[in-house]
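Here are a few exercises to work through with the model open in your viewer. Try each task on your own, then check it against the solution.

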Amino acid sequence: MQVIKYMFQPHGDDRGQLVALEEFKDIPFKIKRVYYMYDTGEGVRRGYHAHKNLEQILICIHGTCKILLDNGKEKKVVPLEKPYEGLYVANNMWREMFDFSPDAVLLVLASEAYDESDYIRNYDDFLEFIKESE
Ligand code: TYD
């Protein structure tokens with residue numbers, strides 16, 4: 001499984017760092033939605049779903065966390081530890097987010113608006129969906 005991590009360009013000077021992200025330039029899709037997770041308690045593991053169409057970029061803009069990616073055949077755990085790195089998560093990819101540091105803020109850039117019908121929340125359904133789309 002290919003893990004696609006984007007290294008964004010921080011614009012740093014003596015005032016601090018700034019990262020700017022533009023659709024189709026730094027991000028490979030039109031950004032239709034932005035959301036973020038914080039105050040994730042100790043031992044929390046969330047996600048547990050895949051999407052039929054949605055593409056996302058995950059950026060841990062503060063603190064650290066880990067992302068499990070699972071394409072139905074292979075699993076990979078990707079640590080997110082820098083505010084200038086973004087993990088691309090394609091559609092048809094099961095994901096779980098865990099090991100959040102207490103100060104973690106996980107920002108998600110998404111290619112579509114929120115649509116519950118795009119979610120696959122059952123792992124066996126996910127495996128079935130993968131098989132059918134091959
Ligand atoms: P949920 O899908 O459970 O989060 P996770 O990414 O960890 O699986 O979402 C938590 C709640 O937030 C749920 O009630 C749905 C809501 N939600 C929105 O209203 N809009 C969104 O864009 C997202 C991602 C979630």
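**Exercise 1.** Which strands form the open sheet that contains β1, and in what order? Bear in mind that this is a predicted model.

Solution. Start by laying out the strands: the five of them run β1-β7-β4-β9-β2. Next, look at the direction of the pairing, which is antiparallel. Now go to the ends of that order. β1 (5–7) and β2 each have a single partner strand, so one side of each has no neighbour in the sheet. Finally, check the twist: ignoring direction, neighbouring strands of this sheet are turned by 25° against each other on average.

**Exercise 2.** Over how many bridges do β1 and β7 pair?

Solution. Find β7 at residues 85–89. Counting its bridges with β1 gives three, in the antiparallel sense. To pin down the register, pick Met7, which sits opposite Glu85 in β7.

**Exercise 3.** Work out the strand order of the open sheet that holds β3, and find its edges.

Solution. Reading across, you get β6-β5-β8-β3-β10, five strands with antiparallel pairing. The edges are β6 (75–80) and β10 (119–120), each of which pairs on one side only. Then zoom in on β3 and β10: they're joined by two bridges, again antiparallel. On the β10 side, Tyr119 is the bridge partner of His51.

**Exercise 4.** Which residues surround the ligand, and which strand supplies the largest share of them?

Solution. First list the shell, taking residues with a heavy atom within 4 Å of the ligand: Arg33, Tyr35, Arg46, Gly47, His49, Met97, Tyr114, Tyr119 and Arg121. Then map the shell onto the strands. β2 (33–37) and β3 (46–51) each supply at least two residues, and the largest share, three residues, comes from β3. Sort the shell by type and you end up with four nonpolar, two polar and three charged residues.

**Exercise 5.** Find polar atoms of Arg33, Gly47 and His49 that approach oxygen atoms of the ligand, and give the distances.

Solution. Take Arg33 to begin with: one of its polar side-chain atoms is 2.4 Å from a ligand oxygen. For Gly47, use the backbone, where an N or O atom lies 3.3 Å from an oxygen of the ligand. His49 brings in a polar side-chain atom, also at 3.3 Å from a ligand oxygen. As for cover, the protein hides 60% of the 530 Å² of accessible area that the ligand has on its own.

**Exercise 6.** What does UniProt annotate at residues 8–130?

Solution. The unreviewed UniProt entry lists "domain: Sugar 3,4-ketoisomerase QdtA cupin" there. In the model, the end C-alpha atoms of this span are 31 Å apart, and its make-up is 7% helix and 39% strand.

Methods:
Residues are numbered from 1 along each chain as its sequence is written. This is a predicted model: local features need pLDDT of at least 70, side-chain atom pairs count only at pLDDT 80 or more; totals for chains, interfaces and linings use all residues. Side-chain values use heavy atoms; hydrogens and water are left out. A polar contact is a pair of N or O atoms within 3.5 Å; within protein, one must be able to donate a hydrogen and the other to accept it, and residues adjacent in sequence count only if both atoms are side-chain atoms. Accessible areas come from the Shrake-Rupley method with a 1.4 Å probe; for residues, only the protein chains shown count as cover. Helices (H or I, at least four residues) and strands (E, at least two) are DSSP runs, numbered from the N terminus. Ala, Val, Leu, Ile, Met, Phe, Trp, Tyr, Cys and Pro count as nonpolar, Asp, Glu, Lys and Arg as charged, and the others, Gly among them, as polar. UniProt positions are given in the numbering used here, feature names are shortened, and annotations may be inferred rather than shown by experiment. Two strands pair if DSSP finds at least two bridges between them. Axes are lines fitted to C-alpha atoms, for helices over the stretch in contact, and angles run from 0 to 180 degrees between N-to-C directions.
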